[in-house]
Amino acid sequence: MATIIEALNEAKRILSARPNVVGISYRADRIIVYATSTEGIPTTILGFPVEIIITGRFEVL
Amino acid sequence: MPIPKELRKKLEEDPSITGISDPVEERKIRIYVESEEDAKRVLMEMPEIKIAGVSYKVEPIVSGRFYALSRVRPLVGGISVGNYRITAGTLGMIVRDKKTKQPLILSNNHVLTQIMLGVEGEIGDYVVQPGPYDGGKVPEDVVGRLLRFVSIKLPPETNLVDAAVASVEVDFKELEVRGIGRVNGIGVAKEGDKVYKFGRTTGLTSSTIMDQFATIKVYGYYSPDTYAIFEDQLITSTPLMLGGDSGSIIVNERREVVGLGFAGSDRFSCANKIQHVVELLDIEIPKGAIVMGEPILAITALSSIISTLISK
């Protein structure tokens, strides 16, 4: 079984690869993905469930 | 239709009333107040107002206190500031250099440098208060010079902070922030913590920490569609800031500084952890002398300000 940190590292790869993914984070039991849409985001990463939070992109204020 | 004399007098005499709108078509008159308690009191005291024989319902709106986007001396946190070539951001607060104890203006890199124009600029750049968008000019409004900043790196490199400091060449109040008072050192933000900020655009607002370990793409550095990646960031559950609020410090209910606001989306706001800011800029934010029982000014949700602005 992978660790949450390994899953987070995999999520970082998705952050870099997918333009609709604008952020990632984690809790003990899941990966959190901030995204402008759900397109192309897996439901699990290395066995950990993915919670998708829809948001506009982050911009400097 | 003009505001009746009696109501204008109330605006002048009642310090909790911050503004009164002209009567609107729906037979309503909006009264802006500092706090929820003030809103309840105003509604109890005058649920309706008669103007020229017509009855208008009073609609209290919690706005917090309004401040002019103008020159402010001595410098305090929460006011308009900026590199002389940008628009305007927020002066977080006056801190000290950890080694020399020199007083410093703390804000974001993108407020105190020229990064929004494509280059970060040079040490020694003028910093003006108010920011240029709010009328700040060189030389009369120069309050300091860019002293150091943490450079913003583009992918594949990542960042921890969008932060910079400038020297202070005018009077200032150290560790003091409008609407918040004197801060009380630094603290660690945790999920669920209530937090506050006072910024140049939206004044005093509050929200809750919903994420303390976020890695995010933030657009707008060097060009509008260029993004930088920030690791180990704080995210608030509702928008705490709008454009121009960048550079605001984020405090918890104990007035400990937990973050430096710099970015946001339509739903959330983002802040650097203050521990990273302090370490990378080599500054200190000591514990302050807090007057016990002194409350942070009444808070209004930013969403209510936005809806009010939209409805106008």
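Two strands are taken as paired if DSSP finds at least two bridges between them. In this predicted model, strand β5 of chain A and strand β17 of chain B, the latter spanning residues 203–219, pair in the parallel sense over two bridges. Within this arrangement, A:F58 stands opposite B:V218 in β17(B).

The contact between the chains draws on 22 residues from chain A and 33 residues from chain B, and the area buried between chain A and chain B amounts to about 2,200 Å², of which 53% is given by carbon and sulfur atoms. On the side of chain A, the residues that lose the most area to chain B are A:F58, A:V60 and A:L61, which together account for 37% of what that side buries. A:F58 thus appears both in the strand pairing, where B:V218 stands opposite, and among the residues of chain A that lose the most area to chain B.

Polar and charged interactions also cross the interface, with 22 residue pairs in polar contact, both residues being at pLDDT 80 or more, and with a count of four salt bridges between chain A and chain B. In one of these, B:E191 is joined to A:R27, with the closest N and O atoms 3.0 Å apart.

The elements giving two or more residues to the side of chain A that touches chain B are α1 (4–17), β1 (21–26), β4 (48–54) and β5 (58–60) of chain A, and β1(A) gives the most, with six residues. By residue class, that side of chain A divides into 12 nonpolar, five polar and five charged residues.

Conventions:
Residues are numbered from 1 along each chain as its sequence is written. Chains are lettered from A and ligands numbered from 1 in the order in which they are written. This is a predicted model: local features need pLDDT of at least 70, side-chain atom pairs count only at pLDDT 80 or more; totals for chains, interfaces and linings use all residues. Side-chain values use heavy atoms; hydrogens and water are left out. Contact means heavy atoms within 4.5 Å. Buried area is the accessible area (1.4 Å probe) that two parts lose on being put together, summed over both. A salt bridge is a side-chain nitrogen of Lys or Arg within 4 Å of a carboxyl oxygen of Asp or Glu. A polar contact is a pair of N or O atoms within 3.5 Å; within protein, one must be able to donate a hydrogen and the other to accept it, and residues adjacent in sequence count only if both atoms are side-chain atoms. Helices (H or I, at least four residues) and strands (E, at least two) are DSSP runs, numbered from the N terminus. Ala, Val, Leu, Ile, Met, Phe, Trp, Tyr, Cys and Pro count as nonpolar, Asp, Glu, Lys and Arg as charged, and the others, Gly among them, as polar.
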